[in-house]
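User: Could you take a close look at one part of this model for me, the spot where a charge sits over a ring, and then walk outwards from there? I'd like one connected read rather than a list.

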Amino acid sequence: MNLEQIIKNTIIQKAGPVGFDEFMDLALYYPGKGYYSGGMQKFGEQGDFITAPEMSDLFGYCLARQCAQILNGENDVLEFGAGSGILATQVLFELGRLEKLPNKYYILELSAELKHRQKETITKVLPELLDRVVWLNTFPDDFSGVVIANEVLDAMPAKRLIKKQDNFVELGVDCQNDQLQWQMFDHPCTDGKVLLPNEVEQGYTTEVNLRAMAWVESLSDIVDQGLVLLIDYGMGRDEYFHPQRGEGTLRCYYQHKAGDDPFMHVGEQDITTSVNFSDMADQAQSSGFSIVGYATQAMFLISLGIDEYLLAETDENRRITLAQQIKQLVLPSAMGESFKVLALTKKCQVKLKGFKEQDLRHKL
C-alpha cells in the first residue's frame, strides 16, 4: 500500500480531519515510506534540494572555526539530522587542521538509510576519524560542547492556522471522495505559547511550530555547557507575520521545483515551513539558554573569514570555482539573506566570532 493511501486510511479511521502537523509527520517520517525515512536520494543535484554543505566545503570550514572557539579537547560536537554526512566531514576536517578536534562527534539520526550514507561518506573522506563519530537514536542524557542543527527546524511538522472572524483556527487535513484536502477545525487555536498577529485580514494563513519549540526545550534539558547553532531559512516575528505574507511559508520541493501543494507526490516530496526565529529565541530563553547572536548566513560566514579561503587558493581554476560557491552562500539572491544563524549558549562567556560583523538580536 502506498503512503498516500495509508494516510487516507488513518484519516478515515479517525472519522475526521487530522492536524497538518500530523499529516506532515506521516508524509515525511512514516517508517520506510516517508520522504526522509524512505530510500530516495534527497540532497544534491540528484535529489530535490541542495543544502549549503552540499554546495561548498567552505560552509563547513567556517562552521568549524566557530566550533573551535568552544572546543577544548574534552567536550564534543552533536549534529542533528546530518543529511549525507558531508557537513560532518567538513567540520571534522577543518577542526583537525585547527588542532581542535572534539572528543566525540555525535550524530543524532533516525533514518537508517541516511545513517548508512553518513557512515559511507565519513569512511571515504576521513577514515582516520571514524572512531570519533558516534550515532545516536535519542538525545544523550547530558552534553557539553557544540550542537549543530543545519536545516533541522524547517523539517519539523508544523501546525497550519487560518484567520476566521476574530480568531485563528487550525487547518487540518481531511479525506473526501478519496481526495486529501484542507479542512478547518471548528475551535479557535488558543495555545498561549505563540504570539499571533492581530491586524491581518480574514483568510490570512500562517504556520506555528510547537514541535520545534518543544525540541528547543528538550535540548536545554541535556545541554550542561556550550553553544547551540541553529541554521535555517526563516525570519523574526514581524517579518514572519507581515500582512502581505497571507499564504504562509509552506513550501514543497520535488526534483528542484518548488510548489505549495503538500497533497501531491506524498512521500516523494519535501514539505517544509520557514522558521519563526522569534518563537525559537523566546522558547530558548524561557528554557534557560542565553541568546548570544543572530545574523544572516552571509554575515556569519563573512565574520568567520570565508574570503580567506579564496585568498589562500593558488590554483586559478580552483579560485574561480570557490568564488562561485561563495556567491551561492552569501549573495542575497541565493542563500545569503534568507538563511539565518541563531546562537544559544549555556555557561559560556565567549564572544563569538560569527557575529562580529552583524548581530540582529533586536529584530527577534
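Analyst: Let's start with K346, which lies over the face of F289, at 5.4 Å from the ring centre. Keep in mind that this is a predicted model, and the distances and angles below are computed from it.

Both partners of that charge-ring arrangement turn up again around S220. Leaving aside residues up to four places away in sequence, S220 touches S287, G288, F289 and K346. S220 itself belongs to helix 7, which covers residues 210-222. Is S220 buried or exposed? Its relative accessible area is 4%, and the cut-off for buried is under 20%, so S220 counts as buried.

Stay on helix 7 for a moment, since M213 is found there too. M213 is buried as well, because its relative accessibility comes to 3%. Outside the window of four places in sequence, the contacts of M213 are K193, V194, D279, M280 and Q283. M213 can also be set against M156: the two are 57 residues apart in sequence, and their C-alpha atoms are 9.9 Å apart in space.

Now back to charges over rings, with R97 and Y61. The charged end of R97 sits over the ring of Y61, 5.3 Å from its centre.

Y61 has an aromatic partner too, so a word on ring pairs in general here: the structure holds 15 of them. Y35 and Y36 make one that is edge-to-face, with 5.0 Å from centre to centre and 85° between the planes. Y35 is buried, because its relative accessibility is 0%. Y36 is buried too, because its value of 12% still falls under the 20% cut-off. For Y61 and Y309, the ring centres are 5.7 Å apart and the planes stand at 45°, so this pair is tilted. What does the pair tie together? Y61 lies in helix 4 (residues 57-68) and Y309 in helix 11 (residues 306-312), so the link joins parts that are 248 residues apart in sequence. Y61 and Y309 are both buried. Elsewhere, ring pairs link F20, F23, W182 and F263 into a cluster.

Y61 and R97 also show up where helices pack. How do helix 4 and helix 5 (residues 86-97) cross? Their axes come within 8 Å, at a crossing angle of roughly 55°, so helix 4 is oblique to helix 5. The crossing of helix 4 past helix 5 is right-handed. On the helix 4 side, the contact is made by D57, F59, G60, Y61, L63, A64, R65, C67 and A68. Helix 5 contributes L87, Q90, V91, F93, E94, L95 and R97. So the residues of the charge-ring arrangement, Y61 and R97, are among those making this helix contact.

Helix 5 has another neighbour in helix 6 (residues 112-125): the two axes come within 8 Å and cross at roughly 35°. This crossing is right-handed as well. Here the contact is made by I86, A88 and T89 of helix 5, with T121, I122 and V125 from helix 6.

If you're checking backbone geometry, there are a couple of residues to look at. Most residues other than glycine have a negative phi. Q165, though not a glycine, has a positive phi of about 55°. Q165 is found in the loop between strand 6 (159-164) and strand 7 (167-176). Q165 is exposed, because its relative accessible area is 59%, and the cut-off for exposed is over 50%. H265 is another non-glycine residue with a positive phi, near 50°. H265 is in the loop between strand 12 (257-259) and strand 13 (270-272). With a relative accessible area of 31%, H265 is partly exposed.

One last stop, on strand 7, where N167 is found. N167 is partly exposed, because its relative accessibility is 40%. Apart from residues up to four places away in sequence, N167 touches I162 and P188. N167 and P188 are 21 residues apart in sequence, with 5.9 Å from C-alpha to C-alpha.

Notes. Residues numbered from 1 in each chain as written. Predicted model: local features only at pLDDT ≥ 70, side-chain atom pairs only at ≥ 80, totals over all residues. Heavy atoms only, no water. Helix = DSSP H or I, 4+ residues; strand = E, 2+ residues; numbered from the N terminus. Buried < 20%, exposed > 50% of the residue type's maximum accessible area, 1.4 Å probe, protein only. Contact = heavy atoms within 4.5 Å. Phe/Tyr/Trp six-rings, centres within 6.5 Å; stacked < 30°, edge-to-face > 60°. Lys NZ or Arg CZ within 6 Å of the ring centre and 35° of its normal. Axes fitted to C-alpha atoms, helices over the stretch in contact; angles between N-to-C directions. Parallel < 35°, antiparallel > 145°, perpendicular 65-115°, else oblique. Left-handed = near helix turned anticlockwise from the far one by under 90°.
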